[in-house]
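Please walk through this protein model with the coordinates open. The text takes one region at a time.

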Amino acid sequence: GCSNVDECAAGASDCDVAAACTDTDGSFTCACPGGEAGLGTVSAPCPSECGDGLRGGLEACDDNNTASGDGCSITCTVESGFTCSVDFPSVCADDDECAAF
């Protein structure tokens with residue numbers, strides 16, 4: 001017989017980074033945090049607004065605010081000298097340039 005492949009666990013789904021992937025028998029579903037119908041894939045990403053804590057669309061980070069100087073800028077790009085996690089919301093840390101030497 002055939003066995004089910006968990007596309008979510010295998011990283012083989014096309015779910016958007018903000019969407020929850022759920023394995024189904026023979027397939028998978030993608031669901032946006034806000035429950036928007038028909039969205040949640042890479043080609044139809046979850047709606048996201050910079051500062052909402054959900055990294056989506058073209059956002060490189062989203063730390064749940066629209067302040068610059070904390071690692072994730074007002075336009076949700078990673079600021080120079082910082083590294084940000086891919087968590088929701090993003091957690092940014094100042095890079096220790098001195099430790100590199």
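What follows goes from the conventions to the strands, the core, and then the loops.

This is a predicted model, in which local features need pLDDT of at least 70, side-chain atom pairs count only at pLDDT 80 or more, and totals for chains, interfaces and linings use all residues. Residues are numbered from 1 along each chain as its sequence is written, and side-chain values use heavy atoms, with hydrogens and water left out.

Start with the hairpin. Strand 1 covers residues 20-24 and pairs with strand 2 in the antiparallel sense, over 5 bridges. Strands here are DSSP runs of E, at least two residues long, and helices are runs of H or I of at least four residues, both numbered from the N terminus. Two strands pair if DSSP finds at least two bridges between them. Which residues face each other across the pair? Alanine 20 has alanine 31 of strand 2 as its bridge partner. Aspartate 23 is matched with phenylalanine 28, also in strand 2. The hairpin leaves 2 residues between the strands, and glycine 26 takes a positive phi near 85° there. In a regular strand, side chains alternate between the two faces of the sheet.

Now the core. Which residues make up the largest nonpolar core? It holds 6 residues: Cys15, Ala18, Ala19, Cys30, Cys32 and Cys46. A nonpolar core is a set of buried Ala, Val, Leu, Ile, Met, Phe, Trp, Tyr and Cys residues joined through side-chain atoms within 4.5 Å. Buried means under 20% relative accessible area, exposed means over 50%, and partly exposed lies in between, with a 1.4 Å probe and protein chains only. In soluble globular proteins, nonpolar side chains tend to be buried together.

Two core members deserve a closer look. Beyond its neighbours within four places in sequence, cysteine 30 is in contact (heavy atoms within 4.5 Å) with Asp14, Cys15, Ala19, Ala20, Leu39, Gly40 and Thr41. Cysteine 32 lies in the loop between strand 2 and strand 3. Cysteine 32 counts as buried because its relative accessible area is 6%. With residues up to four places away set aside, cysteine 32 touches Ala19, Leu39, Gly40, Cys46 and Pro47. Proline 47 is 15 residues from cysteine 32 in sequence, and their C-alpha atoms are 8.2 Å apart.

Cys46 of the core also leads to aspartate 16. This aspartate sits in the loop between helix 1 (7-10) and strand 1. Its side chain reaches the backbone nitrogen of cysteine 46 at 3.1 Å. Aspartate 16 is buried yet has no salt bridge. A salt bridge needs a side-chain nitrogen of Lys or Arg within 4 Å of a carboxyl oxygen of Asp or Glu. The nearest side chain of opposite charge to aspartate 16 is arginine 55, 7.6 Å away.

Move on to the loop between strand 2 (27-31) and strand 3 (82-84), where glycine 81 has its place. Asparagine 64 is in this loop, and so is cysteine 76. Neither is a glycine, yet phi is positive at each: near 70° for asparagine 64 and about 60° for cysteine 76. Are they buried or exposed? Asparagine 64 is partly exposed, at 47% relative accessible area. Cysteine 76 counts as buried because its relative accessibility is 0%. Glycine 81 is partly exposed at 22%. Leaving out neighbours within four places, glycine 81 is in contact with Ala93, Asp94, Asp95 and Glu97. Glycine 51 is 30 residues from glycine 81 in sequence and 20 Å from it, C-alpha to C-alpha.

Last comes the loop between strand 3 and strand 4 (92-94), which holds serine 90. Serine 90 counts as buried because its relative accessibility is 4%. Its side chain reaches the backbone oxygen of serine 85 at 3.5 Å. Beyond four places in sequence, serine 90 touches Arg55, Cys61, Asp62, Asp63 and Ser85. Aspartate 87 is in this loop too, but is partly exposed at 44%. The C-alpha atoms of aspartate 87 and proline 47 are separated by 17 Å, with their positions 40 residues apart along the chain.

Conventions. Lys and Arg count as positive and Asp and Glu as negative; His and the chain ends are not counted. A polar contact is a pair of N or O atoms within 3.5 Å; within protein, one must be able to donate a hydrogen and the other to accept it, and residues adjacent in sequence count only if both atoms are side-chain atoms.
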